[in-house]
Structure formats: structure tokens, C-alpha cells
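Let's go through some labels people put on a structure and ask what backs each one up. Have a look first, then we'll start asking.

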Amino acid sequence: MSNDDKIEQIVDGLNMISEDNSIPRNIRRGADEVKQILHKSGDPIDLRVASATSILDDLANDPNIPLHGRTLIWNIMSRLEELA
């Protein structure tokens, strides 16, 4: 599976977060920001992964995020590690 395919799978997971109204707005906004970072094909993949992981880590530690949202973020972060 190519990196582009993996990124699309990760973006699908981020879309699930973005479209879930039970997740706070700031976390949905953060998921959208991560999608934009991952789609910047001009930047090296390791830089994109590091930036995305940093943002997702902050989102996962937000005290307002429901458990299912945190689990989704952790799954996305583990998929990002496969790209690095």
C-alpha cells in the first residue's frame, strides 16, 4: 500500500471526527487542520506526519473529548506512525 493510500485512509478517519457532532467544535476544527497538513504534497512526508501527530496529540489530551473521539485519534496516530 502506497503512502498516498495510507494518507487517504487517515483522512477518512479524520472525516469521521469532523462530521461527528458529539465531538467538540475545536477538535473537529483540529481534524480539518490535520487533513490540510497531510495534503500539502510539497512538504516532506516526515514533516507532515510530525506536524499532524503533534496536533492530534494535543486534541487527544483535551479534557472535553468523548472517549470514542479519543480512541479514533489514537487509531489515526498509530496509522501516521506507519508513514514516518
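Q: Is Lys35 buried or exposed, and what makes it so?
A: This is a predicted model, and in it Lys35 has a relative accessible area of 16%. Buried means under 20%, so Lys35 counts as buried.

Q: What about Asp32: why does it get the label "partly exposed"?
A: Its relative accessibility is 31%. The label covers values between the 20% and 50% cut-offs, so Asp32 fits right there.

Q: How do you know that Lys35 and Asp32 form a salt bridge?
A: Check the distance from N to O: it comes to 3.1 Å. The rule asks for a Lys or Arg side-chain nitrogen within 4 Å of a carboxyl oxygen of Asp or Glu, so this pair passes. By that rule the count is one salt bridge.

Q: Where do Lys35 and Asp32 sit?
A: Both are in helix α2, which covers residues 25–38. They are three residues apart, or about one turn of the helix.

Q: Why is Asp4 called exposed?
A: Asp4 has 57% relative accessibility, and exposed means over 50%, so the label holds. Asp4 belongs to helix α1 (residues 3–18), and together with Asp5, Glu8 and Asp12 it forms a negative surface patch.

Q: What makes the whole chain as compact as a globular protein of its length?
A: The chain has four helices and zero strands. Its radius of gyration is 12 Å, close to the 12 Å from the globule rule for 84 residues, so the description fits.

Conventions:
Residues are numbered from 1 along each chain as its sequence is written. This is a predicted model: local features need pLDDT of at least 70, side-chain atom pairs count only at pLDDT 80 or more; totals for chains, interfaces and linings use all residues. Side-chain values use heavy atoms; hydrogens and water are left out. Patches are made of residues with over 30% relative accessible area and no salt bridge: like charges are joined within 9 Å, nonpolar side chains (Val, Leu, Ile, Met, Phe, Trp, Tyr) within 5 Å. Accessible areas come from the Shrake-Rupley method with a 1.4 Å probe; for residues, only the protein chains shown count as cover. Lys and Arg count as positive and Asp and Glu as negative; His and the chain ends are not counted. The place of a charge is taken as NZ of Lys, CZ of Arg, CG of Asp or CD of Glu. Helices (H or I, at least four residues) and strands (E, at least two) are DSSP runs, numbered from the N terminus. Buried means under 20% relative accessible area, exposed over 50%, partly exposed in between (1.4 Å probe, protein chains only). The radius of gyration is taken over C-alpha atoms; the globule rule is 2.2 Å times the number of residues to the power 0.38.
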